[in-house]
Number of protein chains: 2
Amino acid sequence: METTAKQTKPQVVSPAELLEHWQGHRRVTRRTIEAFPEDAFFNHSIGGMRPFYKMVMELLAIAEPGLREITGDKPESFDEEFKHEKNKEYFLKLWDDATEAINTLWEKLKPEQFQENITLFGQYEGTVYSQISYFIDNEIHHRAQGYVYLRSLGIEPPLFYMRD
Amino acid sequence: METTAKQTKPQVVSPAELLEHWQGHRRVTRRTIEAFPEDAFFNHSIGGMRPFYKMVMELLAIAEPGLREITGDKPESFDEEFKHEKNKEYFLKLWDDATEAINTLWEKLKPEQFQENITLFGQYEGTVYSQISYFIDNEIHHRAQGYVYLRSLGIEPPLFYMRD
């Protein structure tokens with residue numbers, strides 16, 4: 001049975017602001033990829049952690065496919081080991097394609113969906129809001145590890161607070 | 001003039017969920033502090049970056065004072081160089097005190113405030129939502145740098161997705 005009850009509480013954040021928040025972070029991550037020397041992007045590592053390109057592959061495997069599952073009606077598979085070329089230009093192109101796809105998919109997202117529960121990639125349960133928050137938080141987390149990689153190479157990372 | 005117009009849009013996230021999201025991250029950061037050996041917390045560094053305790057001082061200088069300014073009526077100063085003892089137990093106590101204070105201050109936060117603009121610490125402008133988001137994002141960012149410090153010391157960091 002469909003409920004027609006209206007919530008009267010003011011918005012904490014609007015869907016448009018949440019998208020802008022996400023894309024703002026994605027712009028910082030793009031600049032972080034750009035800041036890496038070609039070789040270090042694929043090979044530099046600290047303490048046995050993954051090189052930064054592997055983290056970027058994880059982020060790419062989550063963002064667009066995750067939002068596609070949220071806004072679509074069929075399950076997506078999580079594939080962070082996708083076929084790729086080993087050059088930064090290739091990754092920046094994937095990044096930009098995902099940026100466009102996210103903007104397009106977002107238009108299909110209905111305001112009432114954010115509090116609905118969904119299972120993503122066959123295993124991760126939570127509200128749509130919590131899923132998207134996780135995408136963003138996880139990106140901030142891995143990008144910050146990229147910042148340490150850059151610092152260890154003597155390279156100044158992009159400004160964290162600059163989201164344009 | 002007070003407006004009595006009611007918004008009818010469904011919530012993307014409720015104030016209670018946003019608090020839980022923040023405190024969940026703060027629990028992970030607490031476990032990150034705990035994971036550091038006493039000496040490394042104050043001295044370990046990569047690429048000329050601050051030791052982790054300095055980042056924690058920044059986080060402590062932002063969270064409770066920032067929320068106090070949001071929920072109060074007087075300006076707060078940003079002081080990340082406060083007097084402190086150089087032992088982890090002392091910092092964990094400050095962390096726990098801030099956890100309690102945040103929960104108490106949050107009760108004063110009105111739902112309609114999240115979209116209001118505020119200037120914090122005399123210089124940072126934005127909506128209350130964007131300010132609190134920044135507190136959380138900045139904490140994720142610096143904690144992730146602490147994760148790399150831990151890995152470089154051969155120590156397994158806390159699970160990122162475990163927020164209990």
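These are my notebook entries on a predicted model with chains A and B.

**Entry 1: the fold of one chain**

I began with chain A and listed its secondary structure, which comes to five helices and two strands. Read along the sequence, these elements of chain A run in the order α-α-α-α-β-β-α. I then looked up the extent of the C-alpha trace of chain A, which along its principal axes spans about 60 × 30 × 30 Å. Of the 164 residues in chain A, 31% count as buried. For the contacts in chain A with a separation of 6 or more, I noted that 69% are between residues 24 or more positions apart.

**Entry 2: how the two copies are related**

I next superposed the chains and found that a turn of 180°, with a shift of 0.0 Å along the axis, lays chain A on chain B with an RMSD of 0.0 Å. That is the relation of a two-fold axis.

I then turned to the contact between the chains, to which chain A gives 32 residues and chain B gives 32 residues. On the side of chain A that touches chain B, the elements that give two or more residues are α1 (15-35) and α5 (128-152) of chain A, and the largest share, 11 residues, comes from α5(A). Sorted by class, this side of chain A holds 15 nonpolar, 12 polar and five charged residues. I also checked which residues recur across the contact: 100% of the interface residues of chain A are interface residues in chain B as well, so the copies meet through the same surface.

**Entry 3: helix α1 of chain B**

I compared the length of α1(B), residues 15-35, with expectation: its 21 residues should span 30 Å at 1.5 Å a residue, and its end C-alpha atoms are 30 Å apart, which agrees. The residues of α1(B) that I found buried are B:Pro15, B:Leu18, B:His21, B:Trp22, B:Arg26, B:Val28, B:Thr29 and B:Thr32. Viewed down the axis of α1(B), these buried residues fall within an arc of 155°, so they line one face of the helix. I then asked myself what covers the buried residues of α1(B). The cover includes α3 (52-71), α4 (88-106) and α5 of chain B, together with α5 of chain A.

**Entry 4: helix α5 of chain B**

For α5(B), residues 128-152, I noted 25 residues and a reach of 37 Å from the first C-alpha to the last, which is close to the 36 Å expected at 1.5 Å a residue. The helix α5(B) is mostly covered, with 20 of its 25 residues buried. After α5(B) comes B:Gly154, whose phi is positive, near 80°.

**Entry 5: the hairpin and its turn**

I looked at the strands of chain B, where β1 (residues 117-120) and β2 (residues 124-127) pair in the antiparallel sense over four bridges. Within this pairing, B:Leu120 stands opposite B:Tyr124 in β2(B). The two strands β1(B) and β2(B) form a hairpin with three residues between them, and B:Phe121 in the turn has a positive phi of about 50°, although B:Phe121 is not a glycine. I checked its surroundings too, and B:Phe121 is partly exposed, with 16 other C-beta atoms within 10 Å.

I repeated the lookup in chain A, where A:Phe121 is found in the loop between β1 (117-120) and β2 (124-127). The phi of A:Phe121 is near 50°, a positive value in a residue other than glycine, and A:Phe121 is partly exposed, with 16 other C-beta atoms within 10 Å.

How values were computed
Residues are numbered from 1 along each chain as its sequence is written. Chains are lettered from A and ligands numbered from 1 in the order in which they are written. This is a predicted model: local features need pLDDT of at least 70, side-chain atom pairs count only at pLDDT 80 or more; totals for chains, interfaces and linings use all residues. Copies are superposed by least squares on the C-alpha atoms of residues with pLDDT of at least 70 in both. Two residues are in contact if their C-beta atoms, placed from the backbone, lie within 7 Å. Ala, Val, Leu, Ile, Met, Phe, Trp, Tyr, Cys and Pro count as nonpolar, Asp, Glu, Lys and Arg as charged, and the others, Gly among them, as polar. The expected span of a helix is 1.5 Å times one less than its number of residues. A residue is buried if 20 or more other C-beta atoms lie within 10 Å of its own, exposed if 12 or fewer, and partly exposed in between; C-beta atoms are placed from the backbone. Two strands pair if DSSP finds at least two bridges between them. The arc is that of the directions from the helix axis to the C-beta atoms.
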